[in-house]
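Student: Can we go through this one together? I'd like the overall layout, then the interior, then anything odd in the backbone.

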Amino acid sequence: MLTQMRNATKSWWVYGSIGLLIVVFTFFFQGAEGLQPTERRKIAKVGGSDVYNTDLTVLMNRVSRRQQRDDDERYKLEKQVVEKYALLYHVAGMAEAVGFRVSDDELIEFILDKERNLDFQSYSDDDDRYDPELADRFVKFGLNVSADDYYIFKRRELLALKYLAALEETVTVLPAEVE
């Protein structure tokens, strides 16, 4: 039986069929574009600053995790994501306006912080340690953005968190006022 299979694979018909499949997939599907990160494009201008599609992609993929949803559920989810992103973007813009900045060291510390970074569990190993290979795969395939776009998003996220923490420190409430 193996001899028959070997002889059958040497047929011109098999070679032609495989060649035809290669041509069809090469010209009609153009490689693995579906596996490439989303291209960074400006989608709006808010208060003099550009808003990019990749930031929304990070939030949307973080929330949905590629779950199948009907159109109504997806619309509601997208609306919530856009509202949350607008708030994040606004707070980060306010932080920049008053002089807040995020250094590269702060960004790295934030990304490695399992308490503050919402994405940490997606790229940590079984021992709850940062795994660069998992992080790379999570960003490319889980969030579908490039590493640079992800770091830009995380920098804005940290900027907003720093600003909110500073505002929180300025508010003092006396124990008598709690009641």
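Tutor: What follows goes from the overall layout to the core, one helix, the surface and the backbone.

Student: What kind of model is this?

Tutor: This is a predicted model.

Student: OK, how many helices and strands are there in the protein?

Tutor: The protein has eight helices and two strands. Starting at the N terminus, the order of elements is α-α-β-β-α-α-α-α-α-α.

Student: And what percentage of the residues count as buried?

Tutor: Of 179 residues, 26% count as buried. The protein exposes about 13,100 Å², and carbon and sulfur atoms supply 58% of that area.

Student: What about contacts between residues far apart in sequence?

Tutor: Take the contacts with a separation of 6 or more: 59% of them are between residues 24 or more positions apart.

Student: Now the interior. Which residues touch the most other members of the largest nonpolar core?

Tutor: The core has 30 residues, and those touching the most other members are V58, Y85, Y123, F138, L143, V145 and Y150. At least two core residues come from each of α3 (53-64), α4 (71-97), α5 (104-111), α6 (132-142) and α7 (147-170).

Student: Which helix gives the largest share?

Tutor: That is α4, with eight residues of this core. As general background, nonpolar side chains in soluble globular proteins tend to be buried together.

Student: Pick Y150. What does Y150 touch?

Tutor: Leaving out residues up to four places away in sequence, Y150 touches V58, D119, Y123, F138, V139, L143 and V145.

Student: D119 is on that list. Where is A135 relative to D119?

Tutor: A135 and D119 are 16 residues apart in sequence, with their C-alpha atoms 9.1 Å apart. A135 belongs to helix α6.

Student: Is A135 buried or exposed?

Tutor: A135 counts as buried, because its relative accessibility is 8% and the cut-off is under 20%. Beyond four places in sequence, A135 touches Y123 and Y130.

Student: Switching to α5. Which of its residues are buried?

Tutor: The buried residues of α5 are L107, F110 and I111. Viewed down the helix axis they fall within an arc of 95°, so they line one face of α5.

Student: What do they pack against?

Tutor: The buried residues of α5 pack against α7. On the face turned away from that buried side, α5 carries the exposed residues D105, I108 and E109.

Student: I108 is a nonpolar residue in the open, then. Which residues form a patch with I108 on the surface?

Tutor: I108 forms a nonpolar surface patch with L112, Y130 and Y151, and together they have about 360 Å² of accessible area. Y130 lies in the loop between α5 and α6. Y130 counts as partly exposed, because its relative accessibility is 32%.

Student: Last topic, the backbone. Which residue in the loop between α5 and α6 has a positive phi?

Tutor: D128 in that loop has a positive phi of about 65°, although D128 is not a glycine. Most residues other than glycine have a negative phi. D128 is partly exposed, at 38% relative accessible area.

Student: And what is phi for N144?

Tutor: N144 has a positive phi near 60° and is also a residue other than glycine. N144 is placed in the loop between α6 and α7.

Student: Buried or exposed for N144?

Tutor: N144 counts as buried, because its relative accessibility is 17%, and buried means under 20%.

Conventions:
Residues numbered from 1 in each chain as written. Predicted model: local features only at pLDDT ≥ 70, side-chain atom pairs only at ≥ 80, totals over all residues. Heavy atoms only, no water. Core = buried A, V, L, I, M, F, W, Y, C linked by side-chain atoms within 4.5 Å. Buried < 20%, exposed > 50% of the residue type's maximum accessible area, 1.4 Å probe, protein only. Helix = DSSP H or I, 4+ residues; strand = E, 2+ residues; numbered from the N terminus. Contact = heavy atoms within 4.5 Å. Arc of directions from axis to C-beta. Patch = residues over 30% accessible without salt bridge, like charges linked within 9 Å, V, L, I, M, F, W, Y side chains within 5 Å. Areas by Shrake-Rupley, 256 points an atom, 1.4 Å probe, with all protein chains shown as cover. Salt bridge = Lys/Arg side-chain N within 4 Å of Asp/Glu carboxyl O.
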